[in-house]
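Reader: I'm new to this structure and would like a close look at one part of it. Could you pick a strand, walk me through its surroundings, and then show me how other parts are put together?

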Amino acid sequence: MLQLENVTVRFGGVTAVDNLTLSIGASEVTGLVGPNGAGKTTLFNAISGLVRPGAGRIVFNAVDVLNAPVYRRARLGLGRTFQVPQPLSRLTVRENLLVAQRFGTGSVNASRLDEILDFVGLTEKAGRDASSELALSELKALEVGKALATNPKLLLLDEVLAGLETTGKRRFMQMLKDMHAKFGVGILIIEHDIETISNLCKRVVVLNFGELIADGAPDEVFRDAEVIKSYTGAEHA
Amino acid sequence: MTELIFQAIYSGLLQGGSYALIALGLALVFGTMKVINLAHGELVLLAAYIAYAVESAFNVSPIVAIPVALVVVCISALLVYLLVDRIKKDRELNSLILTYGIGVMITNAILLIWKADIRSTKSAWLQDAVVLGPFYSMRSELGFFILSLVLMGLLWWWLSKSWYGRAVRAVASNRDAAKLMGINPRTTEIVSFVVAGILAAFAGVALYSYGVIQPPLGHALTVKAFIITVLAGVGSIPGVLAGALLLGVVEALTVTLLSSALQEIAGMGLFLLVLFVMPNGLFGTAARRG
Amino acid sequence: MDARRISVVLAMVVMYIAVPLLLGSNLYVMSLLVASIAIGGVALAWALLGNLGGMVSFGHAAFFGVGSYVSALLTMKLGVPVFAAMLLGGVGAAVASIAMLPTLRLKGPYFALAILAYAQIFRILATEWKSVTGGSGGLSSIPRLPEIAGFDFGSKIGNYLVIVSIVLIFALIYQRIRASHYGTALRAMHDSEDATRVVGVNSTLLKAMMLFVSAFMTGVIGAFNAHYINFLEPDYGFSGLWSTLPIVAAIFGGYRTILGPVIGAVFVYLVDQLVFKSFIPSGHQIMLGALLAGMVLFSPTGLLPWIVEKFKRSRNAPA
């Protein structure tokens, strides 16, 4: 469904994503791992259009989206969340989802909106101000809710589980699994925790210094010497 | 015709010296405080009118007015700083509105004190011709151009060598990191306003010494300074100087080849061209885009 | 009927019946009212751009001037009926705003400065394009508002009713935009633009739409003004006053509200004309500058909302 061909992103002299070729299939859950600074978030930004790659092709559902503006990619079915939650400010929780649904899908469907609110567990908070009245776990849920409201085919989740306590994390994981089944949406998820990835994904992709260094089933990939080296090396640095 | 064109280029280059001083002041304050001082052109104009006032009151050369202009403009710049500093909420937009209001006040204060008439220097010495090979200029044009180059050299030296100058650069590039290094951003903000005031004072006296002034000019100068910073892309001194010289030359060529009334449009045309074709400026890669 | 409805009806009665009946014979007062409400319309358009579009404009004089010239020239050279020409004046201003589109890519201060520069360009164009605009000599005997079905819209009361209606319609349009989904998305765009874009909002288009609407409104008011005073010259049509007064009025009345800028304009214009101008005949704008600076420092969300707040608090305070 999503094909990246030789995608390269540079910032000044730093190459954040280096000649990356990757293909993500429809409705699979793929983990994207790698040490800090490996270029994971930059890759998300390139896919969603917030940064423009210096070279390469990005094809989504047979549409070349390399030069498509951010909003068009969203309407084509590329949803994403931000690592640091970015609620739509000065709006209520419900209005956040409403804007996402109205502009992401082109129309408003109130019952589906309520369904999503309920799914991410924010029904009771629907009338609250999104940027000032939510706890971190609720903000993370809102990130997912906003993205779901655009009716995405592929969802890019940027560390949605980071910073949650254990029970919250477990609930969230269940939600992600259900989401895959319930909304039939493909997921590409950035996550540091190897256990979470193994639990959630059938496939994992490893980035280091902007390059793809491993791609396969979690138990194979995490046994790979190079992966372990890059990971532990960076973690302890 | 070719002679006229070369002469226009020469005059334009000389004019660019003062433009560079004005634009550097604007860029310096924007660098440290992330505030565009919309009253900056009016501060320059204030210096020009002080030169006029000193000249007509004591019958001396406007150059004598430089110390007075320095004191008055720097104090005014400090006052602008103190007011801008009071804004805590929505600083970017509110400071624009505030400095716009201050600009309107200065323009009209000038109008009240010195009337709407066009003024120019009576000093024959300043207006005497200096001939350099095929090129002609007034003594004041060439003199102030050289002075502006010297000032820019000093500014460059100060920014790269002195402790305060480095602090100003540090705050401009990364405020939080500068704080961690023990630099007080407030001090550097004040310093940048004062330095902008010094540059404005020299530029203002220069404008009066070789040109004509009238109250609405301040506004136009702010716009010119802005166009130059867009041309330059980043706030580097050589970039701003190049942008200023370019604007001066384009204006002078427009006046020579087309009409003096189109002078302002020439600058705007250049500005639009750069905006469309090279959104990062002629000489820079700084990101201004949203 | 709830209190809100009653106050709306009351306001309509005052504006459409009481004012013309009581003050209609006083030509001086009526001319002050017409001018101040016209500025209120520009202030409303300015505030729409600021509040919904998140853009501070220092160049609304450009739209005002373009609207006035387009309408004046259409009626004088092509014989277009005045009311149709006024609408086209608005369209002309909106078209002129297309020239400003590249500046939408610039953020905050850069947009403000760019629009400041644009205002100058249009004034110079009007001065230099002599064959069409008459140059600095200006245009005189611009057609007044017509007489339709026995009612003379060109009379003082007629002019007053027209400008009141225009501003009311604009306020309704503003209100509808703000309450729409576009308004909701625009509200979010200020502080979280990337977040709105990744859910499918074409933020540049929405901002451009607000610029068009604001320019259109300002152009229509400029056109009305040209037919009201029957005279136009570049230094008047593109005067910086058309940029400054609406800003002062909108900040004064609260630029996040719809009617605040209009009320602010009536107040600020009357004070400017009756008080400032009598003390300082030329250069009275110094007071506007001071007022603007003072307001931004002490109550950036508006003086009127601040007064209302104080008033409410003192009434609600336990005795």
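Author: Here is a walk that starts at one strand and then moves on to other parts.

Keep in mind that this is a predicted model. Let's begin with strand 9 of chain A, which covers residues 203–208. How many of its residues are buried? The count is 6 of 6, so the strand is mostly covered, where buried means under 20% relative accessible area. In a regular strand the side chains alternate between the two faces of the sheet. For strand 9 of chain A, one side holds A:R203, A:V205 and A:L207, and the other holds A:V204, A:V206 and A:N208. Both of those faces are covered, with all of these residues buried.

Now for the neighbours. Strand 3 of chain A (residues 29–33) pairs with strand 9 of chain A in the parallel sense, over 4 bridges. If you want a spot to look at, find A:V33, whose bridge partner in strand 9 of chain A is A:V206. Strand 10 of chain A (residues 211–216) also pairs with strand 9 of chain A, but here the sense is antiparallel and there are 5 bridges. In that pairing, A:V204 stands opposite A:G216 of strand 10 of chain A. Strand 9 and strand 10 of chain A form a hairpin with 2 residues between the strands, and A:F209 takes a positive phi there, near 45 degrees.

Elsewhere in chain A there is an open sheet of 4 strands, in the order 2-1-4-5, with antiparallel pairing. Strand 2 (14–24) and strand 5 (63–64) of chain A stand at its edges; each has a single partner strand, so one side of each is left without a neighbour in the sheet. Strand 1 of chain A (residues 2–11) is joined to strand 2 of chain A by 7 bridges, and the two run antiparallel. Look for A:Q3 there: A:S23 in strand 2 of chain A stands opposite. Helix 1 of chain A (residues 40–48) packs on this sheet and touches strand 1, strand 2 and strand 4 (55–60) of chain A. The direction of helix 1 makes about 115 degrees with that of strand 1 of chain A.

Let's hop over to chain B. Chain A and chain B do not touch, and their nearest C-alpha atoms are 9 Å apart. In chain B, helix 6 (residues 139–161) and helix 7 (residues 163–173) pack at an angle of about 80 degrees, with axes 5 Å apart. That makes helix 6 and helix 7 of chain B roughly perpendicular to each other. On the helix 6 side of chain B, B:W158, B:L159, B:S160 and B:K161 take part, and among the residues they meet in helix 7 of chain B are B:W163 and B:Y164. The residues of this contact divide into 5 nonpolar, 2 polar and 3 charged.

Helix 10 of chain B (residues 217–232) has 16 residues, which should span 22 Å at 1.5 Å a residue, and its end C-alpha atoms are indeed 22 Å apart. Since 14 of those 16 residues are buried, helix 10 of chain B is largely enclosed by the rest of the structure. Right after helix 10 of chain B comes B:G233, with a positive phi near 80 degrees.

One last stop is B:N108, in helix 4 of chain B (residues 91–114). B:N108 is buried, with a relative accessible area of 8%. Leaving out residues up to four places away in sequence, B:N108 touches C:G283, C:Q285 and C:I286. Of the 2 pairs of chains in contact, chains B and C share the most contacts.

Note on methods. Residues are numbered from 1 along each chain as its sequence is written. Chains are lettered from A and ligands numbered from 1 in the order in which they are written. This is a predicted model: local features need pLDDT of at least 70, side-chain atom pairs count only at pLDDT 80 or more; totals for chains, interfaces and linings use all residues. Side-chain values use heavy atoms; hydrogens and water are left out. Buried means under 20% relative accessible area, exposed over 50%, partly exposed in between (1.4 Å probe, protein chains only). Two strands pair if DSSP finds at least two bridges between them. The expected span of a helix is 1.5 Å times one less than its number of residues. Axes are lines fitted to C-alpha atoms, for helices over the stretch in contact, and angles run from 0 to 180 degrees between N-to-C directions. Angles under 35 degrees count as roughly parallel, over 145 as roughly antiparallel, 65 to 115 as roughly perpendicular and the rest as oblique. Contact means heavy atoms within 4.5 Å. Ala, Val, Leu, Ile, Met, Phe, Trp, Tyr, Cys and Pro count as nonpolar, Asp, Glu, Lys and Arg as charged, and the others, Gly among them, as polar.
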